[in-house]
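Q: I'm new to this one. Can you walk me through it?
A: Sure, take a look first.

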Amino acid sequence: MYRGDQIEAGATSDVFAAPKRPYTRALLSAVPQLGSAGEGGPRPFPIIDMETGLALPVPSRADTVDTSGPPLLEVEKLSGRFEIRSPYTRMVQARVHAVENVSFSLARGETLAIVGESGCGKSTTGRLLAGLNSPHSGSIRINGNEVKSFRRADLSRQVQMIFQDPFASLNPRLTVENAIAEPLLIHGLETPRNARKLARDLLGEVGLSADMGSRYPHEFSGGQRQRICIARALALEPGLIIADEAVSALDVSVKAQVVNLMLDLQERLKLGFLFISHDMAVVERISHRVAVMYLGEIVETGPREAVFSNPQHPYTRRLLSAVPVPDPSRRRLRRKLTIGELKSPIRNKDFNPPARTYQEVSPGHVVQVWSGDWS
Ligand SMILES: Nc1ncnc2c1ncn2[C@@H]1O[C@H](COP(=O)(O)OP(=O)(O)O)[C@@H](O)[C@H]1O
Ligand SMILES: [Mg+2]
């Protein structure tokens, strides 16, 4: 359907194989597909003109990764745990080892994607970095400075998070310009008048218009609301943005546009992104490097192309083979969909995480050496 009218109908296989109307073609080509990102760094999605069905030219992208000086983010042997206590004695009975011995670094202007199934510890990693959870052990450095020594306010000026549900992240009673201005006022950085002016400028930065500032969140679509959350995250001019499933819930064509906006902002503002997602096709487009998490640990990491075209760890292989393909003619090809039950990260209180060894298979492409029960 397009603008209230049925414009095309037919057998599923015909519509998918040979869409007749430009709009149908545009819709189908907007679905992110694995293996379409080509080589090199991030690649914006082609935007398809819904009227003509033609792809608009994708602007070329400058190299954004800046490796001079200390890295934007350095994470070393980071662990995050949750205690499970007896309701009677309040004694610790067990612990959730949500994040275990995780190490990686991120340069200014670089995107590292963290992928893996639900429950593998992606969000906890993001929350530890944003200071929303406290680490059990390990170190986090931003621009060479240990985060433990930061005051809360200093950390939020350098690291901001964007979440999956923009509606839940916005106060329904604040106009969007007040919502975007709020962090500037909380930190006492601007007068209310200047903060609102900056908020309207930020609306322009994220592809909305300044005069939308006086409206309320419910007056916007999901994609626009996510743009508003991005604008608010940018208000404090952080160097690092952690996007936790930030585009996962958006409609395909809107998802492509928000991903392109993030790439555009990265190029203009030299932002570093930690892009948490279970959507491998989007990750393939947006990231420079990928880290694959399983049961709280990183089992494989490397340049995006190396991990996608030459996955080494059995878990990475299963993850990639489970990516859905939008093609009904392949529906009956039974792929090995089950990754098996994700084992539980709940361990008894005396558990000591095993020491791990890693192997570098090509420059920067590092794989955890695995045991026999994966075969
Ligand atoms: N506040 C919490 N208390 C106890 N366990 C938690 C808490 N938050 C997350 N967990 C557990 O930690 C593990 C990792 O969760 P999470 O980081 O949310 O994974 P992901 O984002 O990859 O889905 C899961 O087993 C989850 O149940
Ligand atoms: Mg999560």
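**Helix 6 and its surroundings**

Q: Which residues of helix 6 are buried?
A: In this predicted model, the buried residues of helix 6 are Val176, Glu177, Ala179, Ile180, Ala181, Pro183 and Leu184. Buried means under 20% relative accessible area, exposed over 50%, partly exposed in between (1.4 Å probe, protein chains only). Helices (H or I, at least four residues) and strands (E, at least two) are DSSP runs, numbered from the N terminus.

Q: What covers the buried residues of helix 6?
A: The cover includes helix 7 (192-205) and helix 8.

Q: At what angle do helix 6 and helix 8 pack?
A: Helix 6 (residues 176-186) and helix 8 (residues 222-234) pack at about 30°, with axes 7 Å apart. Helix 6 is therefore roughly parallel to helix 8. Angles under 35 degrees count as roughly parallel, over 145 as roughly antiparallel, 65 to 115 as roughly perpendicular and the rest as oblique. Axes are lines fitted to C-alpha atoms, for helices over the stretch in contact, and angles run from 0 to 180 degrees between N-to-C directions.

Q: Which residues of helix 6 and helix 8 meet?
A: Val176, Ala179, Ile180, Glu182 and Pro183 in helix 6 touch Ile228, Ala231 and Arg232 in helix 8. Contact means heavy atoms within 4.5 Å. By class, that contact has 6 nonpolar, no polar and 2 charged residues. Ala, Val, Leu, Ile, Met, Phe, Trp, Tyr, Cys and Pro count as nonpolar, Asp, Glu, Lys and Arg as charged, and the others, Gly among them, as polar.

Q: And how do helix 6 and helix 7 cross?
A: Their axes come within 8 Å and cross at roughly 120°. Helix 6 and helix 7 are therefore oblique to each other. The residues of their contact divide into 11 nonpolar, 1 polar and 3 charged.

Q: What comes just after helix 6?
A: Gly188, with a positive phi of about 60°.

Q: New topic: the sheet. In what order do the strands run?
A: An open sheet of 5 strands has the order 5-4-1-2-11, with antiparallel pairing. Two strands pair if DSSP finds at least two bridges between them.

Q: Which strands stand at the edges?
A: Strand 5 (145-146) and strand 11 (346-348). Each has a single partner strand, so one side of each lacks a neighbour in the sheet.

Q: How many bridges join strand 1 and strand 4?
A: Strand 1 (residues 73-85) and strand 4 (residues 137-142) pair over 5 bridges. Glu74 has Arg141 in strand 4 as its bridge partner.

Q: Any ground rules for the numbers?
A: Residues are numbered from 1 along each chain as its sequence is written, and chains are lettered from A and ligands numbered from 1 in the order in which they are written. Local features need pLDDT of at least 70, side-chain atom pairs count only at pLDDT 80 or more, totals for chains, interfaces and linings use all residues, and side-chain values use heavy atoms, leaving out hydrogens and water.
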